[in-house]
Amino acid sequence: EGGIPKSEPVVLADLLDYQEGAVVSRTLAKSKAGTLTVFAFDEGQELSEHSAPFDAYVQILDGEVKLTIGGEPVPARKGQTVLMPADIPHGVVATTRFKMLLTMIRG
């Protein structure tokens with residue numbers, strides 16, 4: 001299913017590798033409560049602006065990213081977390097290669 005082993009420490013950034021010119025993702029958990037997904041973006045890769053009906057938390061695991069939230073640039077780097085509020089358009093551009101854990105809370 002792509003999840004992580006129970007009762008074992010893991011380094012999330014090690015769960016997937018960068019791929020040249022691509023965005024790679026791996027879903028760790030999915031339920032009615034929400035989803036946990038790890039992403040790896042090659043430098044310059046992006047997700048065009050979109051909105052979601054749920055709050056989404058972006059935890060930067062490696063590298064740097066420029067988020068756009070409600071039209072405003074929000075730069076973030078490894079070790080930082082950003083809340084992208086529900087129903088507010090947001091976009092993602094990889095300033096460098098970067099990895100993130102996306103936590104979507106449904107409800």
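**Nonpolar cores and selected residues**

In this predicted model, the largest nonpolar core comprises 18 residues, and those with the most contacts inside it are Phe41, Ile60, Val65, Leu67, Met84, Phe98 and Met100. At least two residues of this core come from each of the strands β2 (34-41), β4 (55-62), β5 (64-69), β7 (81-84), β8 and β9 (98-105). Strand β9 gives the most, with four residues. A second, separate core consists of nine residues, among them Tyr18, Leu28, Val38 and Leu61.

The surroundings of Met100 were examined with neighbours within four places in sequence left aside. Under this condition, Met100 is in contact with Thr37, Val38, Phe39, Phe41, Val58, Gln59, Ile60 and Leu61.

His90 lies in strand β8, which spans residues 90-94. The residue counts as buried because its relative accessibility is 5%, and buried residues are those under 20%. The side chain of His90 reaches the backbone oxygen of Ile88 at 3.2 Å. When neighbours within four places in sequence are left aside, His90 is in contact with Ser48, Glu49, His50, Ser51, Ala52, Thr68, Ile69 and Met84.

Positive phi values were found at Ser7, at about 60°, and at Asp87, at about 65°, although Ser7 is not a glycine and Asp87 is not a glycine. Ser7 is located in the segment before β1 (23-31), whereas Asp87 is located in the loop between β7 and β8. With a relative accessibility of 82%, Ser7 counts as exposed. Asp87 is likewise exposed, with a relative accessible area of 55%.

Key:
Residues numbered from 1 in each chain as written. Predicted model: local features only at pLDDT ≥ 70, side-chain atom pairs only at ≥ 80, totals over all residues. Heavy atoms only, no water. Buried < 20%, exposed > 50% of the residue type's maximum accessible area, 1.4 Å probe, protein only. Polar contact = N/O pair within 3.5 Å; in protein donor to acceptor, adjacent residues only side chain to side chain. Contact = heavy atoms within 4.5 Å. Core = buried A, V, L, I, M, F, W, Y, C linked by side-chain atoms within 4.5 Å.
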